[in-house]
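Let's take a walk through this structure together, one region at a time. Keep the sequence and the 3D view side by side as you read.

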Amino acid sequence: MFKKILIANRGEIALRVVYACRELGIRTVAVYSEADENSLHVRFADEDVCIGPARGADSYLNVPAIISAAEITGADAIHPGYGFLSESAYLAEVCEACHIKFIGPSPGVIRLMGDKARARRAMKKAGVPILPGSDGPIDSEERGLKVARDLGYPVIIKAAAGGGGRGMRIVRSPGDLGSALRTATREAQAAFGVGDVYIEKYIEAPRHIEVQVLGDHHGAVVHLGERECSIQRRHQKLIEEAPSPALTDRQRRKLGSTVVDAARAVQYTNAGTFEFLMDPSGHFYFIEANTRLQVEHGVTELITGVDVVKEQIRIAAGERLSFKQSDIAFTGHAIECRINAEHPETFVPSPGQIQAFSVPGGPGVRIDTFAHADCVVPPYYDSLIAKVMTWGRDRQEAIARMRRALEMTVVEGIHTSIPLHLKILADPDFEAGRLSTAFMDRYQTAPPRTS
Ligand code: ADP
């Protein structure tokens with residue numbers, strides 16, 4: 001087992017990795033930018049190293065600074081968290097060359113899944129249903145028009161290197177395809193450094209369902225069931241839950257075994273998530289695989305009792321998975337609300353100094369956060385400040401617990417998305433489990449107040 005792990009991240013996920021390391025008796029090294037000097041992840045790690053100025057590109061994305069920090073402190077592994085360098089095949093390769101274990105899949109698998117057009121082809125070959133679409137990148141308007149005509153409108157143009165819901169364009173008629181193609185290519189180039197885009201059939205109001213897998217280095221692969229993440233704003237998840245209220249046990253078993261077979265086919269190791277869209281008639285289509293820990297892994301932990309982060313560490317250390325598929329039981333229902341530092345109606349980011357901060361406990365509540373009274377939410381990074389998760393014997397109890405947990409959460413000094421979450425939780429469609437990625441259309445962004 002590792003003696004010391006460097007955590008190449010910040011915020012709640014850096015703390016989450018500290019929790020797992022402490023429980024496993026592993027020392028931790030925090031890295032931080034100048035903006036995060038007083039953060040909890042720095043306070044609670046055993047050692048810490050400043051790796052650069054506030055801007056992500058100068059600190060949390062700075063591979064040489066992170067590798068130097070690992071070498072200076074003698075860390076034998078790096079946990080990348082999510083975001084930042086978590087899906088960097090380059091970091092995984094540099095780690096290999098420096099004899100530092102990267103806690104994640106192999107560079108080859110990260111690279112394969114990081115190119116969504118290639119990932120689609122690999123999944124199709126492995127027998128996983130994918131959305132009808134282009135076989136590879138679209139390099140001309142002519143080709144785009146032909147693919148879209150064959151698919152039938154609407155279609156969606158997506159960045160091959162995409163992530164975080166960026167670089168997508170829905171096209172409803174041929175007249176709009178050319179300009180959408182050019183904008184999407186430009187956006188992809190600017191955001192990801194790669195301009196490749198591909199076209200997929202657009203599904204109206206699907207459900208987003210994803211499956212968590214774990215694979216060790218001895219050929220064992222298991223799934224930990226699905227999460228439903230249909231409550232999204234601008235293709236970014238706001239609320240996630242497990243299990244999905246839409247799946248039957250039969251569908252769950254079938255989807256799970258399809259994903260396990262696919263993960264085996266690409267020799268997947270460590271933790272990963274295979275994402276699908278479910279159309280209104282119940283068909284599943286693969287959209288992408290994320291080769292890292294997900295923000296929403298906690299809801300899976302709550303219903304399975306498996307600590308996904310500890311498993312990631314054990315797998316990277318070469319240990320065998322200590323359980324089989326048949327050992328995994330799903331108990332009750334879990335929900336997560338992502339609490340963002342933003343205005344609940346305008347969604348304008350609201351960084352700044354938190355004045356008062358209090359979170360509730362009580363049965364079935366788990367809160368992962370880096371926030372506390374007097375802490376500053378810097379403007380440079382994503383706006384997630386806390387993940388409030390609740391567990392209940394059934395969905396209704398999980399919702400009731402979420403409601404009372406959010407009602408009793410106090411955050412003063414900045415705006416948060418809590419009022420929006422409470423509105424969603426009270427929506428009869430949400431309560432009935434009638435979810436889709438179009439759910440949030442009913443809360444159209446209100447214009448910012450001028451007075
Ligand atoms: P990213 O990597 O940017 O997160 P994904 O491919 O995972 O992109 O898609 C994110 C979200 O965008 C999905 O959860 C869904 O809401 C929407 N989406 C993506 N592809 C389609 C599609 N073909 N039809 C309808 N919605 C889609």
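A good place to start is Ala438, which counts as partly exposed because its relative accessibility is 28%, between the 20% limit for buried and the 50% limit for exposed. You will find Ala438 in the segment that follows α14 (428–431). Now look for Glu204: its C-alpha atom is separated from that of Ala438 by 7.9 Å, although the two residues are 234 apart along the chain. Before going further, please keep in mind that this is a predicted model.

With that starting point in hand, zoom out to the whole chain. It is divided into domain 1 (4–103), domain 2 (132–201) and domain 3 (207–443). If you compare domain 1 with domain 2, their C-alpha centres are 35 Å apart.

Where does the ligand sit with respect to these domains? The shell around the ligand takes residues from both domain 2 and domain 3, so the ligand lies between these two domains. In terms of secondary structure, at least two shell residues come from each of β6 (155–159), β8 (197–201), β12 (270–278) and β13 (284–290). Sorted by class, the shell holds seven nonpolar, eight polar and seven charged residues.

Now move in on the ligand itself. There are 22 residues around it, and those that come nearest are Lys158, Gly165, His208, Gln232 and Glu288. For Lys158, an N or O atom of the side chain is 2.9 Å from a nitrogen atom of the ligand. The side chain of His208 also has an N or O atom to look at, 2.8 Å from an oxygen atom of the ligand. With Gly165 you should look at the backbone instead: one of its backbone N or O atoms lies 2.6 Å from a ligand oxygen atom. How much of the ligand does the protein cover? On its own the ligand has 550 Å² of accessible area, and the protein covers 96% of it.

One of the strands that line the ligand, β12, has another detail to show. Asn270 lies in this strand, and it has a positive phi of about 70° although it is not a glycine. Asn270 is buried because its relative accessible area is 0%, under the 20% limit. You can set it beside Arg234, another non-glycine residue with a positive phi, here about 50°. Arg234 is found in the loop between β10 (221–233) and β11. Is Arg234 buried or exposed? Its relative accessible area is 63%, so Arg234 is exposed, the limit being over 50%.

Next, turn to the nonpolar interior. In soluble globular proteins, nonpolar side chains tend to be buried together. In this model the largest nonpolar core has 37 residues, and Ile231, Ile385, Ile424 and Phe430 have the most contacts inside it. Two or more core residues come from each of β11 (236–242), β14 (333–340), β17 (365–369), β19 (384–392), α12 (395–407) and α13 (418–425). Of these elements α12 gives the most, with five residues.

Two loops are worth a stop for their side chains. Ser417 is in the loop between β20 (410–412) and α13. Its relative accessibility is 0%, so Ser417 counts as buried. From there its side chain reaches the backbone nitrogen of Asn340 at 2.8 Å. Arg292, for its part, lies in the loop between β13 and α10 (297–304). Which class does a charged residue such as Arg292 fall into, buried or exposed? With a relative accessible area of 17%, Arg292 is buried. The Arg292 side chain makes a polar contact with the side chain of Gln294, at 3.2 Å.

Finally, have a look at two cis peptide bonds. The bond from Tyr153 to Pro154 is cis, with omega near 0°, and Pro154 is in the loop between α7 (141–151) and β6. The other cis bond joins Ala242 and Pro243, where omega is about -5°. Pro243 belongs to the loop between β11 and α9 (249–265).

Key. Residues numbered from 1 in each chain as written. Predicted model: local features only at pLDDT ≥ 70, side-chain atom pairs only at ≥ 80, totals over all residues. Heavy atoms only, no water. Near = heavy atom within 4 Å. Polar contact = N/O pair within 3.5 Å; in protein donor to acceptor, adjacent residues only side chain to side chain. Areas by Shrake-Rupley, 256 points an atom, 1.4 Å probe, with all protein chains shown as cover. Helix = DSSP H or I, 4+ residues; strand = E, 2+ residues; numbered from the N terminus. Nonpolar A, V, L, I, M, F, W, Y, C, P; charged D, E, K, R; others polar. Domains from an automatic or database assignment. Core = buried A, V, L, I, M, F, W, Y, C linked by side-chain atoms within 4.5 Å. Buried < 20%, exposed > 50% of the residue type's maximum accessible area, 1.4 Å probe, protein only.
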